[in-house]
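Welcome! Here are some exercises to work through with the model open beside you. Try each task before reading its solution.

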Amino acid sequence: MLVFPVKKGWLLREVAGSWIKHRRYWFVLSHDSLDYYTGPEKGARRLGTLVLTSLCSVIWPDKQTYKEAGYWSITVYGRKHCYRLYTKHFNEAVHWACAIQKIIDTKSPVETPTQLLIRDIEENKFNPEVVEHIYQHNTILKYTQGPMHAPLLPFPYGNLEHTYHNGKGYGSVREEAVKLFNCLQQLELAREPVPIIQGVLQTCLDLRPLRDEVYCQLVKQTSHTPSPNTAAHLRYWQLLTCMSCTFLPGSTVLKYLRFHLKRVQSQSPESEMDNYASFISEAVEKTKCRECVPSWEEIQMLMNRQEMLCTVHYPGCGSCHLYISSHTTANEVVRRMQEKLGLQDSKNTFALYEQNALWEQPVAGNSLIADVLTSFTTKESESESQWKLCFKLYCLLDADGISVDSIEYLFLFEQCHEMVVRGQLPACEEDLLALAALRLQSLMGDFSTHAPFPPLDELFPGHMLETRVLMSLSAPQAAPPCQVAAQDCPATQRFPTGLLAGTLWSHSATVAHKQKMENDMRLRSRLKEEAAAVMTAILERWKGLAGYSSRDSMAAYLTIARQWSGFGSTLYEVDFYISSTGNFSQKLWLGVAATSVSIYKQGESEALESFPYGQICSYGVSDSNTFKITAGDRDLIFETSKLTEIMQLMNAYFSAIHRQRGKGEDPDTITFTESTDVGFRHMASTPTPTLLELPSHPV
């Protein structure tokens, strides 16, 4: 049959095992293959052929290779061969790459024997005799002890998706598929299977195409096993359990998996395989793709089909222990905590927080708690600080309706004190000293010289001490004599530059370093003196509170705190841009509360401006680092690192307002729908609004 060439011409090809790096050959591209010859003449000898299929791939020319080699290169991957071709001309390289890619794109998709058999099983799943015949006559579907030399599913030759993870040492996807099967077989003999399981899951998380492949490999290794009830064989079921709780396969492989599980259950009822199959069947109905590979603890729990014990802390040094699965979300934990603590009827809303000694952040409601706990392990190894989950008040919608005898009142007190210590509750120094004394009374009871009490930074905002000391130290002081003498010296009498310049510079640097150390010592000394004076003032006030109960102290504390008009607000530090062009920025607080959004000068109690929610037309993230609120005809633009948190909290308050007003029955109800602008919420008056859920829910 006569084959017409699509393209032909001279190209250089990389030659392995020769002192000559490149050799010149005559290449001919046809509709079926890429061939190369000794020359263009009619009787020239063909030296090689690369058959083109839908699995072949082409790497296009890039500047880096040109800089290194002085040639523009293209690489063509086939099943058995890889051609690295070079040319001096960029246009020629592009034309060859385009022509080869067009031929590849015209080829029908290649299907592996495994794919064809999966299709046959799907078509005959209601005919057990045919299915058994398929299994009996196709060993590729059944358990094997030997190595695997090619993937069960089709992957492009030389696929470069793995280059995004080169730092982890991955090869091509085809190579990794074969390696994974070897890892699966190692499970049978491994003393400690968890590291192997974790490694397989990590590879599948990084290289998405391998997920279907590993599911098929596990179905194969759990079918027609010679010793199905041994511990070695059950390792495959344990890995399949972990896979099913981490990510799902594609729809075709998922159907195949479900069929396999039902088949095992019908063939081996009341067995361990039956138990694992039942667990996996339930898991795949709930699983969403995980952000993290399951932790060591979670894998051990999954291998035994058990739940993990999770500790959730709450304000006041309390905690609850809850059992969670790989599918438990923050929403579910919030609901269970409310039930445990008797807070189901509260008008306020709650959320989970990731928290350490210096930082906290609300957990999105659709987040998997297993992922959050796994991330703690990574964070603790990086920062050496302990992380925990904390259940706290989130939207303070009804501060006055909280019973003094309820645990919710303790939450309010503790979270208010957190704001005081962080310096986010504007108050005069006298009130701050009174609050610190009331805090001691609520914790320790009446004053005693023998009672150990918390350090000052847990009672009083530390930045106030630093500010006061720095202001006193920055007062003008007399210049040192050496500086005065230098100022009075005529210019002609100063040392000239030259030989002594280095010596003078060294002396100046030494003097500056010494002066800096003296200033630091003076600052530390003054801070200690100031802290001692403040602590003495707090203790004096504490003595005057004798007889106050813990509840009385909390009530008095909150009475002082409520004097601030912004009580109940969540404050975020922002850079506020006074003009829409981004000029004249000023560091302020953005306070998000139950009825309005306010702007405060940091440390001041009166709001510069306040915008009730009824006046806000839209709000949201306008780009990667700015938040915009439109109120009437004004655009307020902020820059902050808390974009998502602000957005979620405002969504939560608007949602709560809508629910409280009867879901649209009141004509003045504020409702809102999604806008076409990504990242923005626009207020609108619609009969059936879309509710945005709380931050402990998806937003």
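## Exercise 1: An open sheet and its helices

An open sheet in this predicted model holds 5 strands in the order 9-8-12-10-11, with mixed pairing.

**Task.** Find which strands stand at the edges of this sheet, and which helices pack on the sheet.

**Solution.**

Step 1. Look at the two ends of the order. Strand 9 (318-324) and strand 11 (360-362) are the edge strands; each has a single partner strand, so one side of each is left without a neighbour in the sheet.

Step 2. Consider the twist. On average, and ignoring direction, neighbouring strands of this sheet are turned by 40° against each other.

Step 3. Move to one of the pairs inside the order. Strand 8 (residues 308-314) pairs with strand 12 (residues 388-395) in the parallel sense, over 2 bridges. Histidine 313 has cysteine 390 in strand 12 as its bridge partner.

Step 4. Add the helices. Helix 12 (residues 330-340) packs on the sheet and touches strand 8, strand 9, strand 10 (349-355) and strand 12. The direction of helix 12 makes about 130° with that of strand 9. Helix 14 (residues 407-421) also packs on the sheet, where it touches strand 8, strand 10, strand 11 and strand 12. Its direction makes about 100° with that of strand 12.

## Exercise 2: Two helix pairs

**Task.** Work out whether helix 5 is roughly parallel or antiparallel to helix 6, then do the task again for helix 7 and helix 8.

**Solution.**

Step 1. Start with the angle of the first pair. Helix 5 (residues 173-186) and helix 6 (residues 194-206) pack at about 160°, and their axes are 10 Å apart. Angles over 145 degrees count as roughly antiparallel, so helix 5 is roughly antiparallel to helix 6. The crossing of helix 5 past helix 6 is left-handed.

Step 2. List who meets whom. From helix 5 come Glu176, Leu180, Cys183, Leu184 and Gln186, and they meet Ile196, Val200, Thr203 and Cys204 of helix 6. Sorted by class, this contact has 6 nonpolar, 2 polar and 1 charged residues.

Step 3. Turn to the second pair. Helix 7 and helix 8 cross at roughly 150°, and their axes come within 10 Å. By the cut-off of 145 degrees, helix 7 is therefore roughly antiparallel to helix 8. Helix 7 passes helix 8 in a left-handed crossing.

Step 4. List the residues here as well. Arg211, Val214, Tyr215, Leu218 and Gln221 of helix 7 meet His233, Tyr236, Leu239, Leu240, Met243 and Ser244 of helix 8. The classes in this contact are 7 nonpolar, 3 polar and 1 charged residues.

## Exercise 3: Positive phi values

**Task.** Locate histidine 224 and cysteine 317, and decide how exposed histidine 224 and cysteine 317 are.

**Solution.**

Step 1. Recall the general background: most residues other than glycine have a negative phi.

Step 2. Check histidine 224. Its phi is near 55°, a positive value in a residue other than glycine. Histidine 224 lies in the loop between helix 7 (210-221) and helix 8 (231-244). With a relative accessible area of 34%, histidine 224 is partly exposed.

Step 3. Check cysteine 317. This residue is not a glycine, yet its phi is positive at about 65°. Cysteine 317 is found in the loop between strand 8 and strand 9, and its relative accessibility of 85% counts as exposed.

## Exercise 4: Two hairpins

**Task.** Find how many residues join strand 6 to strand 7, and how many lie between strand 18 and strand 19.

**Solution.**

Step 1. Follow strand 6 (residues 72-77), which pairs with strand 7 in the antiparallel sense over 6 bridges. Tryptophan 72 has threonine 87 in strand 7 as its bridge partner. The hairpin joins strand 6 to strand 7 through 4 residues.

Step 2. Look at another pairing of strand 7 (residues 82-87): strand 1 (residues 7-14) pairs with it in the antiparallel sense over 2 bridges. Here arginine 13 is bridged to leucine 85.

Step 3. Go on to strand 18 (residues 626-631), which pairs with strand 19 in the antiparallel sense over 6 bridges. Phenylalanine 627 stands opposite phenylalanine 638 in strand 19. This hairpin has 2 residues between its strands, and glycine 632 in the turn has a positive phi of about 65°.

Note on methods: Residues are numbered from 1 along each chain as its sequence is written. This is a predicted model: local features need pLDDT of at least 70, side-chain atom pairs count only at pLDDT 80 or more; totals for chains, interfaces and linings use all residues. Side-chain values use heavy atoms; hydrogens and water are left out. Axes are lines fitted to C-alpha atoms, for helices over the stretch in contact, and angles run from 0 to 180 degrees between N-to-C directions. Angles under 35 degrees count as roughly parallel, over 145 as roughly antiparallel, 65 to 115 as roughly perpendicular and the rest as oblique. A crossing is left-handed if the near helix is turned anticlockwise from the far one by less than a right angle, and right-handed if clockwise. Contact means heavy atoms within 4.5 Å. Ala, Val, Leu, Ile, Met, Phe, Trp, Tyr, Cys and Pro count as nonpolar, Asp, Glu, Lys and Arg as charged, and the others, Gly among them, as polar. Two strands pair if DSSP finds at least two bridges between them. Buried means under 20% relative accessible area, exposed over 50%, partly exposed in between (1.4 Å probe, protein chains only).
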